[in-house]
Amino acid sequence: MLFKKVCPRCGRRYPKNFPSCLECGSTLIDIEKEAKKAELKKYLPVLGMILLCGVIIAAVLFVVIPLVQASLATGQEFGTLSKTTGQTPVITYQMNQPAGNGNLQVTVIKTRDGAKSANSKKFFFVTVTLQNLRSDSPSRVASADFTLLDGGGNPYPSLGLGDTVAQEIAPLTAETFDLTYEIPQDAYGLKIQFSFPASTSRSAQSVYFLLP
Ligand SMILES: [Zn+2]
């Protein structure tokens, strides 16, 4: 095609190197470029739809499905769960600073080393006071609710709460128990991650207790 440009006002055609119309002075339009633009515009909505579908699929895969799974796992309502996801950072408590959630109050009183065990490990005891603030029903707290973490982020499960793996605290009473752990003798930066049990008002909420 010899004439690649057209005048938008009078319709005269010109070769590619003409910048403006010789008759009326209007800036010339490149016919091929315009055609390509028009072509692109035709496909733009389709491209947009494809992109949108991609975003929706990603949202379902990475947000909705995990939420539904978590909802099924904890038995929590989907609505409340989605509201609490992306929630505030975990609150950290010091020794002798009570952590409460309305139904249950947990306080770490003291820690002490136990005997050395095999493979350069030692037993480690953490004394906690559990107070049931409800007047109508007991609170059940399990040793599995307390995980010890070291400075490297390694978790150590509690081997027991008192002399068993779970305790029931009678309404409006407080009881003190030792949590038992087995940790490396050189463990440092210790803290306890406690998850409020599902029966309490802020179920699945975790807090940290910093240990000396
Ligand atoms: Zn013209």
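# Strands and a core, explained

User: What makes β4 and β15 (residues 206-210) count as paired strands?

Analyst: β4 and β15 run parallel and 3 bridges join them. Strands are DSSP runs of E, at least two residues long, numbered from the N terminus, and two of them pair if DSSP finds at least two bridges between them. So 3 bridges meet that cut-off. One bridge links Ile 91 with Val 207 in β15.

User: Hang on, what sort of model is this, and how are residues numbered?

Analyst: It's a predicted model, where local features need pLDDT of at least 70, side-chain atom pairs count only at pLDDT 80 or more, and totals for chains, interfaces and linings use all residues. Numbering starts from 1 along each chain as its sequence is written.

User: Why are β4 (91-93) and β10 (155-157) called edge strands?

Analyst: Because each pairs on one side only. They belong to an open sheet of 5 strands, ordered β4-β15-β14-β9-β10, with mixed pairing.

User: How do you know that β1 (residues 5-6) pairs with β2?

Analyst: There are 2 antiparallel bridges between β1 and β2, so the requirement of at least two is met. Lys 5 stands opposite Tyr 14 in β2.

User: What makes a set of residues a nonpolar core?

Analyst: The members are buried Ala, Val, Leu, Ile, Met, Phe, Trp, Tyr and Cys residues joined through C-beta atoms within 7 Å. Buried means that 20 or more other C-beta atoms, placed from the backbone, lie within 10 Å of a residue's own. The largest core here has 19 residues, and Val 128, Leu 130, Leu 179 and Ile 192 touch the most other members. Its largest share, 4 residues, comes from β7.

Technical notes: Buried ≥ 20, exposed ≤ 12 C-beta atoms within 10 Å, placed from the backbone.
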